[in-house]
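Colleague: I should like to learn how helices are read in a model of this kind. Could we take the features one at a time?

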Amino acid sequence: MQTVTIKNLTKKFGSAVAINNLSLNIEKGKITGLIGADGAGKTTLLRTIVGLLLPNEGEINVLGFNPVTEKDKLLEGYTKDGKIHLPLGYMPQKFGLYEDLTVIENLRLYADLKGVTHDFDKMLEFTTLAPFQDRLAGALSGGMKQKLGLACTLLGNPEFLLLDEPSVGVDPISRRDLIKMVKEMITPETTVLWSTAYLDEAHNFDTAVILDRGKVIYEGKPHDLAPTPQEFENKVIDLMGGYNKEESLIAQNYDYHAPDVELTVEADNLEKKYGNFYAVKNNTFKIKKGEIFGLLGPNGAGKSTSFKMMCGLARPTSGTARIMGIDIKENPEKARANLGYMAQKFSLYGSLTVKENLDFFALAYGIKILEKNKKVNEIIEVFGLKEYENTKAEELPLGLKQRLSMAAALIHNPPVLFLDEPTSGVDVLTRRDFWNHITSLAKKGVTILVTTHFMDEAEYCDRISLFYKGETIAIGTPYELKQKAGSNNMETAFINLIKGSEK
């Protein structure tokens with residue numbers, strides 16, 4: 001039995017074809033993973049299925065309803081036998097939590113909107129949000145926000161869940177919690193369509209649907225394509241046209257000029273307190289020229305706070321940091337001139353186009369007007385942004401926003417790069433491209449401090465500091481951390497070391 005039947009669906013935005021004559025069946029009671037490169041059509045497909053976008057051509061049937069003519073019944077529910085039925089639960093990429101409301105107030109609001117009772121005890125216990133129900137949603141960590149968003153989506157026990165990258169930017173422990181939460185809180189008849197950038201996640205679902213340029217290029221069981229997550233990732237890449245590693249043009253043209261210092265980044269007993277709460281405590285490490293240093297940890301561990309202190313955006317309660325030997329507290333402007341910073345939250349100007357953003361940052365970083373156009377055009381080409389150069393930043397898909405943010409961070413050729421989850425939400429091909437640039441820059445002498453929730457990416461790091469509850473609990477090479485955790489892969493090592501620190 002099918003929950004969704006799609007025949008010859010086409011969706012255009014002007015002359016751009018987002019969905020191209022697509023046909024697809026989604027089986028009832030299964031979890032289907034939706035995979036594809038940035039701009040492949042995943043979000044457009046989800047929004048068309050729920051009736052938020054109207055197709056140009058084709059037919060869609062969702063749980064016996066036509067989302068074009070019966071959108072209200074799908075999204076708002078209908079009455080049957082005197083009871084309200086909620087067919088759909090839809091969680092978009094930016095779920096509409098009210099950040100100035102508490103956890104419990106958000107749950108009450110969505111329960112009222114869906115016409116269901118305020119019986120949240122099981123939900124709060126399962127999501128581990130019970131101790132935080134009086135905390136503002138805006139003060140939650142990334143993983144906790146996603147749990148709350150998913151909890152609101154699950155209210156009313158919808159027959160069909162559509163989740164648009166619910167685990168983006170979420171640490172491995174929280175990702176496992178989200179999957180467990182969905183699997184244990186739905187009924188055997190519930191259908192789930194789960195868009196994801198994590199291919200190891202998709203490998204564990206019942207069905208995988210791979211999109212490329214608006215078309216389905218694979219539909220079937222993930223294990224039929226490949227028996228292991230790594231083999232599955234390689235097969236997906238092959239189906240998407242393959243990845244040909246080429247010399248990084250960014251690194252090739254990087255004009256590296258910096259003082260000849262051995263230690264390019266130093267954190268010296270950095271601490272940040274909010275009242276009696278330590279966001280970061282006694283954070284100390286030293287990074288050498290050309291080293292890739294990973295800062296790993298769960299959501300809310302203090303990684304982003306450390307980044308902000310080290311680049312002068314947040315003042316430490318105590319301690320300091322040095323960039324290229326310059327104290328960030330004593331001379332913040334001079335220290336920051338040596339630094340390119342890509343923030344976790346997209347921090348560019350949404351109302352400006354891609355090219356306008358890069359023009360602005362090029363000038364802000366001191367690139368001369370005569371050199372600016374050449375540099376901006378080069379970076380647009382290297383990052384695959386040419387067809388989007390006149391698109392407003394706020395209109396870009398998440399993965400393309402990440403590309404633009406990284407491009408802006410390194411446009412002035414800084415000797416030190418701080419990258420806070422640079423590949424969050426980015427497809428597998430773009431991730432490999434990013435890391436080709438990162439490793440190539442490091443070989444040229446650029447020092448890189450990076451955070452990531454993709455544990456396969458941690459293997460690219462020369463050394464890693466594992467951060468938990470504001471403190472370093474382990475530091476060493478990826479091999480040393482795996483040895484310490486008794487594991488042969490970084491994800492299990494991450495989980496084992498975090499859990500071991502709690503004992």
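Modeller: Let us begin with helix 15. Its twelve residues should span 16 Å at 1.5 Å a residue, and its end C-alpha atoms are 17 Å apart, which agrees. The expected span is 1.5 Å times one less than the number of residues. Helices here are DSSP runs (H or I, at least four residues) and strands likewise (E, at least two), numbered from the N terminus. The model is predicted: local features need pLDDT of at least 70, side-chain atom pairs count only at pLDDT 80 or more, and totals for chains, interfaces and linings use all residues. Residues are numbered from 1 along each chain as its sequence is written, and side-chain values use heavy atoms, with hydrogens and water left out.

Colleague: How many residues of helix 15 are buried?

Modeller: Buried means under 20% relative accessible area, exposed over 50%, and partly exposed in between (1.4 Å probe, protein chains only). In helix 15, eleven of the twelve residues are buried, among them G399, R403 and M406. Their cover includes helix 13, helix 14, helix 16, strand 17 (339–342) and strand 18 (416–420).

Colleague: What span should helix 14 have, and which of its residues are buried?

Modeller: For the 14 residues of helix 14 (residues 369–382), 20 Å is expected at 1.5 Å a residue, and the end C-alpha atoms are 20 Å apart, which agrees. Buried there are K372, K375, V376, E378, I379, I380 and V382. These residues pack against helix 10 (249–252), helix 13 (354–364), helix 15 (398–409) and helix 16 (428–443), where contact means heavy atoms within 4.5 Å. After helix 14 comes G384, with a positive phi near 65°.

Colleague: How are two packed helices described?

Modeller: One gives the angle between their axes and the distance between the axes. Axes are lines fitted to C-alpha atoms, for helices over the stretch in contact, and angles run from 0 to 180 degrees between N-to-C directions. Helix 3 (residues 103–114) and helix 5 (residues 142–154) have axes that come within 9 Å and cross at roughly 25°. The two are therefore roughly parallel (under 35 degrees; over 145 is roughly antiparallel, 65 to 115 roughly perpendicular, the rest oblique).

Colleague: Which residues of helix 3 and helix 5 meet?

Modeller: V103, N106, L107, Y110 and K114 in helix 3 meet L148, A151, C152, T153 and L154 in helix 5.

Colleague: Is T128 buried or exposed?

Modeller: T128 is partly exposed, with a relative accessible area of 46%. T128 lies in the loop between helix 4 (121–126) and helix 5.
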